[in-house]
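Here is a walk through a few local features of this model: helix packing, a disulfide, some backbone oddities and a pocket. Have the chain open as you read.

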Amino acid sequence: MTSPPTAPTVPRGSRSARVTVALLAGLLATLAHAQPMRPGGSPPDTLEARLLACTGCHGPQGRSTPDGYYPRIAGKPAGYLYNQLLNFRDGRRAVPSMTWMVEGLPDAYLRDIAEHFAGRHPPHPPSPPPAAPPATLERGRRLVVEGDRARGLPACIACHGDALLGAQPAVPGLLGLPRDYLNAQFGAWREGTRRAMAPDCMATIARRLAPEDVAAVTAWLAAQPVPADARARESLPTTLPLDCGGLGR
């Protein structure tokens, strides 16, 4: 059996280069881990084999990777993952590598992908130490747990749950995500390069947050430990502080 080809070397520090390498790594992982050929020389056609390409960026089973930028997709509510795949395909989120992966795929196939990763629950790695001074972390904690009524900022726990692990069918957890990723998403919502189905509640919240608020919130969230049995709660809260599209209510 011949060894799979290796990915080319590209200059470090270029995000587009890293994306290219990640995509190539995913495709090479498909070749490296594929099951033996079926009679007639055709490869096995299973969802598991097809989605090996996703793990080039998102890590084995979708658990994320040590580089700290690509998010964990394992265990996220299926409705949330499905909505994001729709957003990438239909242009509400602007990440070229993701758009390339899903453009032209039908809704039913995207739902299969979402349910596949939603059913994976590999363990979380230890959370990194706090990357901000105590006063900044406390500011972040207050915004996450209490919000700021004077500025129309609801607490994160009002939608994402008291444990910040998300809620079925379509609210994601906020723990176990790299700080760089969280910062990037707030920036994308603020600038309109990430959008959700209307009404886009997270875009509204992101535009009400000062840059110092975002830094505090993401520093606090990224430093929180993730429970070993982390699961999204079974249902959304009875009332939500803002109308949010795509929640399946």
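H9 and H10 are roughly perpendicular to each other (angles of 65 to 115 degrees count as that, under 35 as roughly parallel, over 145 as roughly antiparallel and the rest as oblique). The axes of H9 and H10, the latter spanning residues 201-208, come within 8 Å and cross at roughly 100°. Axes here are lines fitted to C-alpha atoms, for helices over the stretch in contact, with angles running from 0 to 180 degrees between N-to-C directions. Helices are DSSP runs (H or I, at least four residues) numbered from the N terminus.

On the H9 side the contact is made by Phe-186, Trp-189 and Arg-190, and on the H10 side by Met-202, Ala-203, Ala-206 and Arg-207; contact means heavy atoms within 4.5 Å. Those residues split into 5 nonpolar, no polar and 2 charged. For the classes, Ala, Val, Leu, Ile, Met, Phe, Trp, Tyr, Cys and Pro count as nonpolar, Asp, Glu, Lys and Arg as charged, and the others, Gly among them, as polar.

Before going on: this is a predicted model, with local features needing pLDDT of at least 70 and side-chain atom pairs counted only at pLDDT 80 or more, while totals for chains, interfaces and linings use all residues. Residues are numbered from 1 along each chain as its sequence is written, and side-chain values use heavy atoms, leaving out hydrogens and water.

H10 also carries one end of a disulfide: Cys-201 sits in H10, and its partner Cys-244 lies in the segment after H11, 43 residues apart. The structure holds 1 disulfide, a disulfide being a pair of cysteine sulfur atoms within 2.5 Å. The sulfur atoms of Cys-201 and Cys-244 are 1.9 Å apart, and with 115° about the S-S bond the link is right-handed.

What about H7 (residues 134-145) and H11? Their axes come within 7 Å and cross at roughly 90°, which makes H7 roughly perpendicular to H11. The contact includes Leu-137, Arg-139 and Leu-143 of H7, along with Asp-213, Val-217 and Trp-220 of H11. By class, this contact has 8 nonpolar, 2 polar and 4 charged residues.

Now for the cis peptide bonds.

| Peptide bond | Omega | Place of the proline |
|---|---|---|
| Gln-168 to Pro-169, cis | near 10° | loop between H8 (157-160) and H9 |
| Ala-198 to Pro-199, cis | near -5° | loop between H9 and H10 |

Gln-61 is worth a look too: it has a positive phi of about 65° although it is not a glycine. Gln-61 lies in the loop between H3 (55-58) and H4 (78-90).

Finally, the second largest pocket has a volume of about 400 Å³. Helices H9 (179-191) and H11 (211-223) are the elements that give two or more residues to its lining, and H11 supplies the largest share, 3 residues. In total 23 residues line this pocket, with Pro-125, Pro-128, Gly-176, Leu-177 and Pro-178 nearest its centre. The lining divides into 13 nonpolar, 6 polar and 4 charged.

On terms, a pocket is an open set of points on a 1 Å grid over the protein atoms alone, where a 1.4 Å probe fits, with protein on both sides within 12 Å along at least five of seven lines; lining residues have an atom within 4 Å of a point. Grid points are joined across faces, edges and corners, and a volume is the space filled by probe spheres set on the points.
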